[in-house]
Amino acid sequence: MMTFLGQLALKTLTAPRDVAALLLSLNFSRDAVYTTLGLAVVLNAFVAGLVLLATGTQALPLALGPGLLAGVFALLLAALIGAITVIGRAMGGRATAMNVALLIAWVQILRAGLQFAVLVLGFVSGGMGAVLAIAGVIVGAWVLVHFIDVAHDFGDPWKAAMVLIFSFVLTALALVAVLAGFDITPQMVANDV
């Protein structure tokens with residue numbers, strides 16, 4: 001199983017359209033998609049907590065605690081999934097929220113692995129860790145564009161890129177709203193960093 005997941009992770013980087021098509025063809029049940037999404041949330045919250053602890057950062061997210069950190073991450077993922085689904089459909093796409101959730105969950109599981117690798121590499125060489133982090137952002141965006149394109153059946157990566165950009169903007173606005181709900185201002189975050 002681990003060999004298959006490793007091969008799937010590598011193929012995600014080299015042929016993201018094929019992986020997206022494969023994942024969607026498996027017709028996972030709703031429960032399986034929600035479980036995968038839950039795993040992605042837990043892994044990312046865990047790795048984010050490790051990064052904050054390892055770097056000695058007393059930043060605000062760590063002070064909120066692991067449960068709340070995972071909750072905020074889950075809300076952000078839900079907002080991103082909803083935005084990609086709704087905006088994509090408004091632009092002529094066909095993806096369902098479950099299709100988008102499955103693909104986003106897989107990307108987020110890979111992201112958690114990347115963040116852990118960046119953390120470990122950062123101890124060896126901070127510069128190399130930073131390079132890996134930047135490369136991860138670029139490759140992650142490239143993978144997401146192809147995943148969105150396949151899910152919505154656009155046949156146009158530029159349209160998928162626009163969906164991704166608009167979705168990130170809406171998700172950022174959702175983050176601001178969530179933080180405002182906890183009475184957290186940008187000034188408080190700046191003071192904590």
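Patches are made of residues with over 30% relative accessible area and no salt bridge, with nonpolar side chains (Val, Leu, Ile, Met, Phe, Trp, Tyr) joined within 5 Å. A salt bridge is a side-chain nitrogen of Lys or Arg within 4 Å of a carboxyl oxygen of Asp or Glu. Accessible areas come from the Shrake-Rupley method with a 1.4 Å probe.

The model is predicted: local features need pLDDT of at least 70, side-chain atom pairs count only at pLDDT 80 or more, and totals for chains, interfaces and linings use all residues. Residues are numbered from 1 along each chain as its sequence is written, and side-chain values use heavy atoms, without hydrogens and water.

**Exercise 1.** State which residues make the nonpolar surface patch, and classify I165.

Solution. Step 1: M162, I165, F166, V169, L170 and L173 make a patch of about 530 Å². Step 2: I165 lies in helix α8 (helices are DSSP runs of H or I, at least four residues, numbered from the N terminus). Step 3: the relative accessibility of I165 is 45%, so I165 is partly exposed, that is, between buried (under 20%) and exposed (over 50%).

**Exercise 2.** Describe the largest nonpolar core (buried Ala, Val, Leu, Ile, Met, Phe, Trp, Tyr and Cys residues joined through side-chain atoms within 4.5 Å).

Solution. Step 1: the core has 40 residues, and F147 is among those with the most contacts inside it. Step 2: the largest share, nine residues, comes from α6. Step 3: beyond neighbours within four places in sequence, F147 is in contact (heavy atoms within 4.5 Å) with T12, P16, V19, A20, L103, W106 and V107.

**Exercise 3.** Give the secondary structure and the buried share of the chain.

Solution. Step 1: the chain has nine helices and zero strands. Step 2: 36% of its 193 residues count as buried.

How values were computed. Buried < 20%, exposed > 50% of the residue type's maximum accessible area, 1.4 Å probe, protein only. Helix = DSSP H or I, 4+ residues; strand = E, 2+ residues; numbered from the N terminus. Patch = residues over 30% accessible without salt bridge, like charges linked within 9 Å, V, L, I, M, F, W, Y side chains within 5 Å.
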